[in-house]
Amino acid sequence: MPLVGPRLLVSIVAFDEVAAALAGGADVVDVKNPVEGSLGAPSLSLLKAVRAGVEAPHGLSVALGDAPHLPGTMAFAAAGAAACGADYVKLGLLGSSRRDQALELLSAVRRATAETNPCTRLVAVAYADAGRVGALPPRELPGVARDAGFHGVMLDTAVKDGTSAFTALGEAAIAAFLSEGRAFGLTTALAGSLSAADLSRAHCLEVDLVGVRGAACDGGRSGTVSAARVRELKAALGLRPAASRAPVAH
């Protein structure tokens, strides 16, 4: 019987964390580099190693960064991630603070990715704390993502000081963001310093995908992914982890 409720995305920063993420029940393994920001891009070697170790039905996601408004640069980066076989590519709209800029950037990324790997699904990310960093207001993203031909939209936080997306934006505004995304036929995702209690709230909002890093780690965001913590988060979503094989390094 298929699972009902959000899927769980767990962000990893080293290959050694992949096995714990999968053992705990992660549906999507997300590769990132927090040293370079909220959505910092990982090394090419790590992405390739994780791609070789993560098999269906699990998905592989990669963060491309808290992007400046450089459409050509980000399009080239997205094409590289797509060529490596990423199932999902996430791009944060940090520098494209106006709607026209956001559409220009996302459209360039979509064209480059389509030419490289049409199966790669693109996810545009807005920041629940956009006011703190001068980014695109979250309410504007779903329409832009639809117009650019993206697969999905996500809410995250730009400033990682423990302030969750729920605290930064409020549940009503998050619900409106997710509802508009669904109305446009987009996959919806929520991240941003979420706790187990926040995951229960997210389930009620009918989000498709919930992303975590700090809550999945022993020692917080800068710690190490724990299979036990991932299982607890899976339980908070009302889901049971599926059996999975440990990844094999190549």
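Here are some exercises on this predicted model, each with a worked solution.

Before you start, note that local features need pLDDT of at least 70, side-chain atom pairs count only at pLDDT 80 or more, and totals for chains, interfaces and linings use all residues. Residues are numbered from 1 along each chain as its sequence is written, and side-chain values use heavy atoms, with hydrogens and water left out.

**Exercise 1. The barrel**

Work out in what order the strands of the closed barrel run, and what the twist averages from one strand to the next.

Step 1. Get the terms straight. Helices (H or I, at least four residues) and strands (E, at least two) are DSSP runs, numbered from the N terminus. Two strands pair if DSSP finds at least two bridges between them.

Step 2. Follow the strands round. Eight of them form the closed barrel, in the order S1-S2-S3-S4-S5-S6-S7-S8, with parallel pairing.

Step 3. Add the twist, which averages 25° from one strand to the next. Angles run from 0 to 180 degrees between N-to-C directions, and the axes are lines fitted to C-alpha atoms, for helices over the stretch in contact.

Step 4. Zoom in on one pair. S3 (residues 59-67) and S4 (residues 88-93) are parallel and share five bridges. Here Ala67 stands opposite Leu93 in S4.

Step 5. Now look at what packs on the sheet. Helix H4 (residues 99-116) touches S3, S4 and strand S5 (121-127) (contact means heavy atoms within 4.5 Å). The direction of H4 makes about 160° with that of S4.

**Exercise 2. Strand S1 and its partners**

Find out which strands pair with S1, and how many bridges join each pair.

Step 1. Start with S2. Strand S1 (residues 7-12) runs parallel to S2, joined by four bridges. Leu9 stands opposite Val28 in S2, and Ser11 has Asp30 as its bridge partner there.

Step 2. Turn to strand S8 (residues 209-212). S1 and S8 also pair in the parallel sense, over four bridges, with Val212 as the bridge partner of Val10.

Step 3. Check how enclosed S1 is. Buried means under 20% relative accessible area, exposed over 50%, and partly exposed in between (1.4 Å probe, protein chains only). Five of the six residues of S1 are buried, so S1 is largely enclosed by the rest of the structure.

Step 4. Take Ser11 as a sample: at 2% relative accessibility, Ser11 is buried. Leaving aside neighbours within four places in sequence, Ser11 is in contact with Asp30, Lys32, Val212, Arg213 and Val225.

**Exercise 3. Two faces of S2**

Decide whether the faces of strand S2 are covered or open.

Step 1. Recall a general point: in a regular strand the side chains alternate between the two faces of the sheet.

Step 2. Sort the residues of S2 (residues 28-31). Val28 and Asp30 are on one side, with Val29 and Val31 on the other.

Step 3. Read off the result. These residues are all buried, so both faces are covered.

**Exercise 4. Cysteines**

Explain why Cys119 forms no disulfide.

Step 1. Set the rule: a disulfide is a pair of cysteine sulfur atoms within 2.5 Å.

Step 2. Check the distance. The closest cysteine sulfur to that of Cys119 is in Cys84, 15 Å away, which is too far for a bond.

Step 3. Look at the whole structure, where the search finds zero disulfides. As for exposure, Cys119 has a relative accessible area of 63% and is exposed, and Cys204 is exposed too, at 65%.

**Exercise 5. Loop oddities**

Find where the cis peptide bond is, and which phi values are positive outside glycine.

Step 1. The cis bond joins Ala56 and Pro57, with omega about 10°. Pro57 sits in the loop between helix H2 (44-53) and S3.

Step 2. Ser193 has a positive phi, near 55°. Ser193 lies in the loop between S7 and helix H9 (196-204) and is partly exposed, at 29%.

Step 3. Glu206 also has a positive phi, about 60°. The loop between H9 and S8 holds Glu206, which is exposed at 53% relative accessibility.
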